[in-house]
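Please open the model in a viewer and follow the stops below in order. Each stop gives a selection and then describes what is found there.

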Amino acid sequence: MKKTTLIPIFLTAILTFFFTRQYFMQGEEMHAEKHEEGEHESIMIFSQELLNEFGIVVETVSGGVLEQTIELPGEIQIDPDRLAHITPRFVGVVKEVFKQMGESVKKGDRLAIIESNESLTTYELHSSMDGVIIDMHFTKGETAQRPDHFFAVADLSEVWVNLSVYQKFISQISLGQSVSISVNSAIAQTGNISYVSPTLDKHTRTATARIVLKNSDGKFRPGQFITGNVVINQGEYSVLIPKTALETVNGKTVVFVKNQNGFEPVTVKIGKENHNSVEIISGLEAGQKYVSKGGFVLKAQMAKGSFGGGHGH
Amino acid sequence: MDTDIKMKKLIQFILKNRLLALAGSLLVLGAGYSSYKQLPIDAFPDVSPNLVQVFTTTEGLAPEEVEKYVTYPIEVAMNGLPNIEKIRSLSNFGLSVVNIYFEDETDIYFARQMVNERIQQAREKIPNGFGEPVMGPISTGMGLILFYYLDDETGKYSLEELRTIQDWLVKFHLQTVPGVTEVLGIGGYEKQYHVIVDPFALLRFDITIQDIIEKIKTNNLNVGAQFIEKNSEEFIVRSVGLASEIEDVKNIILKSESGIPIFLNQVADVEIGGAIRRGIQTHNGMREVVSGMVVKLFGSNSSTVIGQVETKMEEINGMLPDGIKIIPYYEQKTLVEACVKTVSDALLQGIILVMIILFLFMGSFRPSIVVAASIPFSVLFAMIGMNLFGISANLMSLGGLAIAIGMMVDGSIVIIENIDRVLKEKSNDESKIQLISKAFLEVIQPVTFAIIIIIIVFLPLFTLQGVEGKTFRPLAYTIAIAMFGSLIYAMILSPVLSSFILKDSTNNGEKKDLWILRIMNRIYEPVITYFVENRKMAVWLAGSLIVVGMAIFPKLGSEFTPKLNEGTIVVRLSMAPSISLNESKNTTLIVERRLIKIPGITGVVTRIGRGEIGAHTDPVNNAEIYVLLKPKDEWGNNSQADMEMLIREELENVPGVLVNITQPIAMSVDELLEGIRAELAVKLFGDDLEILKEKADEIADVIRKIPGADDVQVDQITGTPQLLITINRNAIARYGINISDVQEVIRASVGGETAGQIFEGIRRFDILVRLAPNFRNTSDAIANILIQSPDGVDVPLSELAHIEELVGPRQITRENNQRFITVQCNVTGRDIGSFVEEGQGAIDNSIILPAGYLVKWGGQFRLQQEANKRLAVVIPITLIVIFLLLFYNFNSLKNSLLILLNIPLALVGGVVGLWLTGQNLSVPASVGFIALFGIALGNGMVLLTYMNQLVKDGVSIKTASITGALLRLRPVLLTALTTALGLLPLLYASGTGSEVQRPLATVVVGGLITSTILTLLVIPALYKWFSDKKN
């Protein structure tokens, strides 16, 4: 009987062996394929065809001129020295009006005839300067008196541009800086800052920077909003590259440089910059080949090993 | 014995009511056929988890905000739902996905209803304008049944126009097809009315962007004002003021100064444009296309739905403008058809092979017919069961039938063979009916038990869980039901049909045995005599077989489940997480151009990112390329694997792109399971993303040093650049501006804000107010955006806020309300248990976690361990039950043990079979082993019963061994052969899905060979030792 009792034990042992082994072994080869990635080389080799296919542009490092600007909103204003208010000296009835709104006048031009109430004699109003009538309150037959009735004559051959300078820019604005004035995003004219207000406006908390503009063709109209780009710094730098060349890798700013082995990221230190270009203080030398456009592809290739994980697939 | 009497009564009753039995069987056949017609047809069992997805699109929110404002309230609301398994969430840029996993048995509609109730609660907690949570489609990972794109032959339609056609015509009509739950559009541009604001004009007219939004909203309305009565009639009063075209919007008056109105078009350009998009669709490396995905309703019949969708598409094609056509580029139909073809071919061939064997061995036509009729009966019986239990017809369930083909006839073979034999040896005084009942009674008990044992051995399969469970349970079900059907056939119909069809050979009773049997008997007789006389040789034979098996076993490779070829290749590209949609598109187009150069590929269609939510949640750095292939026979000698190789080679040097080749269904199912594909995962739970990342890197370093660690990978949770605008509270206080004032301007100016809709008939399109591009698309431009203070001062944003560029989270994943990061790895060359132990120790020793941080080990090894544990209990129980049945049958411990001896020998055959064909141990192979248990035992039982019978009749044990074996050679060989040949087509099938069943078939065929040898040689030889009678 002893022999026979051993048999079920033997059988169960074999079966358990078969099944448990199988389940333990299952994992072993499950993910053998997913191996190659992981280690990233910092030098990458790209054939010319590949560069073309992916639109990667390689250029030579050179120097150039960099202009730094700040953009400020502003308004066209009449130069107060070029504005005249012509008012009646004596209260009287308007007998005749010779000029209308918007008409150009010369100095000495007759504007109106008024009959004085006191003396009942008539006298004439003359323009005191060359300019355009920008405002008037004179109607035939009415009684004209001082503050209410007047001709405003403005000389618009020169206008002021008043730029509002926000607090944080004030330190960067100084007399003589060149400013390009644009109307509706199109550059119209350039001028220089001739005045910066010493105090801030109590209401808007801005300082005013003024540029005097020639306006012989009258294209700037007082009251118009414009944008002024103030050149706050301009200089020539020995290493100047387009901003499209900069890539951020692990929190560091790098440029991909091509050397005899291939492409390699080089950490760079950035100096002055504007919208398009950036000065490189260290890390890059004139004459080196670098990726000016399409560096993202190289960056992605470098990081390839790390973005496999996570969601999906 | 008690049962004997019952059986006698049963057979007498059956034979008395023969016509009733026939009618009953016809009823079963009819019901089976109608069930077959109703069965839903799928490609394979749906292994998607039981889950409800809650999606929330949030316009332009970064992952942190999505998590805080949207994901968290939803998660909290879902806590405590009944039957909930876990909650996992993903907060991505602009999208929150909360997956609520329910236990497998939970009714999906019940679950959705519960979730919906809770969504209402969550809604209240999500701030206004941060998105509305919606549930995903009522579908599963296999629900994406058809993808199509719109082909514009004329080339004159813009992407907006095409998308409008898709959304308002194609989608509209396709959604009406029953069984379609959703049609998701992607690609092109969703049409919008864009109000592109000029900031200088705002300044000029002293208007803010909020004023514009407000004005548009208040000038675009229809109202009703009840009715008036006029001459006993009611007139409904309505006032219409809805903008219906671009001019209406342009002429909205913003304000009027001294009687001069300022129109919207003085401060903004109004034009038709495309909505901001997070996904596009490209075609052949040439252009963008507009496409759609048809999602099938949960539980509906794939094949009918697809058929109806196709008819509908024909109809829609007729309605589309000239030159535009719907072109499907992926259809699950192809796969369903291929799978069904594979198994139905195997079924048919199996049936034919079994028939041939029957005719060869039975020698005459009539008995063969009676036996063969068992197949349609059992198959149709199984159909009734499938219909009843809601099992769809698919690769696995039909595969179960294909596997069982040979086994279905086993019972009736033994019975009919015996009846046939008895009838031929007929002595004149007994009637045909009496003879049949006598022959029937001789064998019915072992037959019944053999079949019951086969059914019982499949019990462990029912305990399989998860993906394996869902995959293989249908197979186990159909086999069990079909076997039950065959039992009914054997018990009731086989004697009835015998009585009708079999002839009692009165005159030529001395008819000679069949030539094939004569030859075999001639070979078998000396062999069996030798073994019975030299029992030790039999022991040696069995022992050496077992040794061979155990030697080979460790050499087998292993895999989870063999890869199922779906016949469609998807190339999945992962690009850098920070990539822009445009760059992503450029890269994809390059990849597409490379792919279409490969011979055999006719076209490629790619989805980048995600379209309408519901199916995909990919960010824009993911692209899925559907590779359209020529028909398989035009590939030359290439297999799918070869095609994949070609693709891999072609894409090898694409920089910055990770290429992953997969298949549509596998991919979407994986995405829903979303567990880690690696077998081991260390999940670190905690709050601070930085600390999580840092500690996870430390853990990865520790794990890498443990011997056996492979593919150690830390989840990428960061890597998305952000432009962070931090508002300076002191600065805004000076101007008297509120934070929200600033933020609203930022949102409207940079991201754009919807200010209502324009109705064109029933089509509605958003009006989006946004700054002109060059005033918002660089950080400098954003810094210059002006914000108006309450007293009318315009202040640039840079005065009020600090703007910086930094790298932020890519996505935030949470499980059960806690953030986590995963470190995954595989283990090679050692067992996982010890690896986990060592890893846990190492982490405890070398990593100091801050309070509130927690490490959990998980991954597929858990599932495997659970499966092991379950099987370790269930398999012994099954064996005990089988043993009890055997014991009940033989009433002898020794006899039962002799039968059980079959099992190890059968296993050896299975192992050798796998080894010879170069296959791995896998789940289907182990299912094969389980099946073997049952099959192997059946043969031995029939033989042993007969030998016992002879001994009882007074024959000596030795003679009984030899004569018993010789007499039972025919049924034993026949049953083994039918089972094996029934499986043969599965062994050689090369169609879609055959790869899953091949290991199973291999194991059973291999095992049958060795166990038949045992039954025929070893059992008679050892019979003496195991017999209860002593001579």
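**A buried valine in chain B**

Select Val309(B) first: with 22 other C-beta atoms within 10 Å, this residue is buried. The model is a predicted one. Val309(B) belongs to helix α10 of chain B, which covers residues 302-319. Which residues is Val309(B) in contact with, once its neighbours within four places in sequence are left aside? They are Leu146(B), Leu174(B), Val177(B), Val180(B) and Val294(B). Phe685(B) may then be added to the selection; from C-alpha to C-alpha it is 45 Å from Val309(B), and the two are 376 residues apart in sequence.

**Chain B as a whole**

Now display the whole of chain B. Its C-alpha trace spans about 125 × 85 × 55 Å along the principal axes. The chain contains 34 helices and 30 strands. Of its 1031 residues, 49% count as buried. Among contacts in chain B with a separation of 6 or more, 81% are between residues 24 or more positions apart.

**Two helices of chain B**

Select residues 108-125 of chain B, which form helix α4. This helix of 18 residues reaches 26 Å from its first C-alpha to its last, close to the 26 Å expected at 1.5 Å a residue. Colour Ala111(B), Val115(B), Arg118(B), Ile119(B) and Ala122(B), which are buried in α4(B). To see what covers them, add β1 (51-57), α3 (63-78), β3 (95-102) and β4 (134-135) of chain B, which are included in that cover.

Next select helix α7 of chain B, residues 209-218; its buried residues are Ile209(B), Ile212(B), Ile213(B) and Ile216(B). Turn the view to look down the axis of α7(B): these buried residues fall within an arc of 95°, so they line one face of the helix.

**A strand with two partners**

Move to strand β16 of chain B, residues 569-574, where five of the six residues are buried. Which strands pair with β16(B)? One partner is β18(B), residues 622-629, which pairs with β16(B) in the antiparallel sense over six bridges. Another is β19(B), residues 658-662, joined to β16(B) by five bridges and also running antiparallel. Centre the view on Arg572(B): in β18(B) the residue opposite is Glu624(B), and in β19(B) the residue opposite is Asn660(B).

**An open sheet in chain A**

Turn to chain A and select β3, β10, β8 and β5, four strands that form an open sheet in the order β3-β10-β8-β5 with antiparallel pairing. The edge strands are β3 (83-86) and β5 (104-105) of chain A, each of which pairs on one side only. At the β5(A) edge, two antiparallel bridges link β5(A) to β8(A), residues 131-136. Here Val105(A) has Gly131(A) in β8(A) as its bridge partner. Strands of a sheet pair through backbone hydrogen bonds, either parallel or antiparallel.

**Nonpolar cores**

Select Ala482(B), Leu932(B) and Val1004(B), which touch the most other members of the largest nonpolar core, a set of 160 residues. Helix α32 of chain B, residues 923-952, gives the most to this core, with 18 residues. A second, separate core has 76 residues, including Phe296(A), Tyr149(B), Val289(B) and Met293(B). Return to Val1004(B) and show its contacts: not counting residues up to four places away in sequence, Val1004(B) touches Gly928(B), Ala931(B), Leu932(B), Ile935(B) and Leu983(B). In soluble globular proteins, nonpolar side chains tend to be buried together.

**Two loop residues with positive phi**

Most residues other than glycine have a negative phi. Against that background, select Leu120(A), where phi is near 60°, a positive value. Leu120(A) is found in the loop between β6 (110-116) and β7 (122-126) of chain A. Is Leu120(A) buried or exposed? It counts as exposed, because 9 C-beta neighbours lie inside 10 Å and the cut-off for exposure is 12 or fewer.

The last stop is Asn231(B), with a positive phi near 50°. Asn231(B) lies in the loop between β8 (221-230) and β9 (233-241) of chain B. With 5 other C-beta atoms within 10 Å, Asn231(B) is exposed.

Note on methods
Residues numbered from 1 in each chain as written. Chains lettered and ligands numbered in written order. Predicted model: local features only at pLDDT ≥ 70, side-chain atom pairs only at ≥ 80, totals over all residues. Buried ≥ 20, exposed ≤ 12 C-beta atoms within 10 Å, placed from the backbone. Pairing = 2+ DSSP bridges. Expected span 1.5 Å × (residues − 1). Contact = placed C-beta atoms within 7 Å. Arc of directions from axis to C-beta. Core = buried A, V, L, I, M, F, W, Y, C linked by C-beta atoms within 7 Å.
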